[in-house]
Structures are given as structure tokens and as C-alpha cells.
Amino acid sequence: MAPALDPLTWLPNQELFRARLGQLLDGGRRVALLHIDLDWFQDVNDLLGLDTGDLVLREAAARIARAFPRGALLGHFGGDDFAAVIEAADPAHAARLARTLLGACREPFVVDCLSLRLTASVGIAFSTGRATNAAGLIAHACSALYRAKVAGRDRCYPGRAPQN
């Protein structure tokens with residue numbers, strides 16, 4: 001089966017995202033990858049059901065799309081895992097975008113007259129524009145995301161910095 005868009009969020013699924021990220025890296029592009037996870041999302045599914053969870057995921061995808069510049073590569077890895085890639089991997093710019101997204105996710109998610117308070121955690125990894133492959137960059141971003149969660153959630157953690 002060919003890589004495709006996720007039918008829930010209409011963002012590239014993980015396979016398509018990896019392929020497009022690989023193309024950017026193969027072309028020598030310097031990028032920042034932001035791995036995004038919704039904090040406390042499992043509670044929404046467990047307490048309010050999968051249909052409510054799906055509505056939250058759709059809204060989260062829309063907020064992610066609004067937080068990043070036009071042309072950013074966005075993806076939905078499944079569940080409450082999302083990713084975004086921006087070119088010109090300036091660490092300060094990537095951190096600003098992550099903070100903007102964190103603020104957007106703090107706003108209540110309103111579903112069927114319920115106001116749901118969630119947050120997000122973001123792990124950031126940077127390519128060098130030379131030898132990094134998609135799987136390695138995603139792994140670095142995933143490690144950074146884990147550190148953000150361990151540090152208390154609702155924050156971003158910068159991973160491997162770009163090398164000149």
C-alpha cells in the first residue's frame with residue numbers, strides 16, 4: 001500500500017511523512033523536526049470515548065497546522081503523536097514555534113459543550129544537512145520528547161543541535 005494521508009486528520013501518515021522527510025534530508029536540507037504528543041490524551045479516550053478523542057485529534061491537527069509556517073511538513077504518526085518539520089534549522093526559531101504550539105494546545109478543546117484542558121509536549125531534533133537519515137532524526141526527536149514529558153509535560157525539549 002502506498003503512503004497516504006491519515007483519514008482522521010488529513011495529515012500525512014507516518015510512512016508518507018518519513019518518505020518526505022527522507023527526500024528533504026537526501027537533498028541536504030537543514031531541518032528541525034518537532035515531535036509533538038498531547039499530554040493526558042489517553043484520559044479523554046478512556047473517560048469520554050473514542051469519538052470524543054477523534055474530535056480532539058482533528059482539532060489538535062488544525063492547531064498544529066496553524067502554528068507552523070505554510071510549507072512545513074506535518075504528519076500524524078497515530079494516536080496522539082504528531083510531527084512537524086521546518087527548514088533552516090535555527091534552534092531559536094524552532095523553539096519559538098514549539099512555544100506557540102504549546103500555547104495553542106493550552107486553549108480548551110470544546111467538544112459537545114465540554115471544555116477539555118490538555119497540554120502538549122514537544123521534542124526537537126536537528127539535522128546536520130549531511131549524514132542524518134529520517135529514522136535517526138525521528139529517534140532523536142522522540143528521545144527529546146521523552147525528556148520533555150519526564151521534565152513535567154507542557155514543555156519543549158531541544159534535542160541534538162545542528163552542527164556547522
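A residue counts as buried under 20% relative accessible area, as exposed over 50%, and as partly exposed in between. The exercises below concern a predicted model.

**Exercise 1.** Classify D112 and D154 as buried, partly exposed or exposed, and state the sign of phi in each.

Solution.
Step 1. D112 has a relative accessible area of 64%. The cut-off for exposed is over 50%, so D112 is exposed.
Step 2. D154 has a relative accessibility of 24% and therefore counts as partly exposed.
Step 3. Most residues other than glycine have a negative phi. D112, which is not a glycine, has a positive phi near 50°. D154 is not a glycine either, and its phi is positive, about 55°.
Step 4. Now place both residues. D112 sits in the loop between β4 (109–111) and β5 (114–116), and D154 sits in the loop between α5 and β7.

**Exercise 2.** Give the order of the strands in the open sheet of five strands, and explain why one side of β2 and of β7 is left without a neighbour.

Solution.
Step 1. Strands of a sheet pair through backbone hydrogen bonds, either parallel or antiparallel. In this open sheet the order is β2-β3-β1-β6-β7, and the pairing is mixed.
Step 2. β2 and β7 (156–158) stand at the edges with a single partner strand each, so one side of each has no neighbour in the sheet.
Step 3. On average, neighbouring strands of this sheet are turned by 20° against each other, direction ignored.

**Exercise 3.** Describe the surroundings of strand β3 (residues 81–87) and its pairing with β1 and β2.

Solution.
Step 1. Five of the seven residues of β3 are buried, so the strand is largely enclosed by the rest of the structure.
Step 2. β3 pairs with β1 (residues 31–39) in the antiparallel sense over seven bridges. On this side, H35 stands opposite A83, and V31 has E87 as its bridge partner.
Step 3. β3 pairs with β2 (residues 73–78) in the antiparallel sense as well, over five bridges. Here G78 has D81 as its bridge partner.
Step 4. The hairpin of β2 and β3 has two residues between the strands, and in it G79 takes a positive phi near 55°.
Step 5. Helix α4 (residues 91–106) lies across β1, β3, β6 (119–126) and β7, and runs at about 165° to β6.

**Exercise 4.** Describe how helix α1 (residues 14–26) is placed against helix α5 (residues 134–150).

Solution.
Step 1. Two packed helices are described by the angle between their axes and the distance between the axes. The axes of α1 and α5 come within 9 Å and cross at roughly 110°.
Step 2. An angle of 65 to 115 degrees counts as roughly perpendicular, so α1 is roughly perpendicular to α5.
Step 3. From α1, the contact is made by F17, R18, L21, G22 and L25; from α5, by A134, A135, L137 and I138. These residues divide into seven nonpolar, one polar and one charged.
Step 4. The buried residues of α1 are L16, F17, L21, G22, L24 and L25. Their cover includes β1, β2, β3 and α5.

**Exercise 5.** Describe the contact between helix α2 (residues 41–48) and helix α3 (residues 50–67).

Solution.
Step 1. The two axes come within 7 Å and cross at roughly 145°.
Step 2. F41, V44, N45 and L48 of α2 meet L50, T52, G53, V56 and L57 of α3.
Step 3. The residues of this contact comprise six nonpolar, three polar and no charged.

Definitions and conventions:
Residues numbered from 1 in each chain as written. Predicted model: local features only at pLDDT ≥ 70, side-chain atom pairs only at ≥ 80, totals over all residues. Heavy atoms only, no water. Buried < 20%, exposed > 50% of the residue type's maximum accessible area, 1.4 Å probe, protein only. Helix = DSSP H or I, 4+ residues; strand = E, 2+ residues; numbered from the N terminus. Pairing = 2+ DSSP bridges. Axes fitted to C-alpha atoms, helices over the stretch in contact; angles between N-to-C directions. Parallel < 35°, antiparallel > 145°, perpendicular 65-115°, else oblique. Contact = heavy atoms within 4.5 Å. Nonpolar A, V, L, I, M, F, W, Y, C, P; charged D, E, K, R; others polar.
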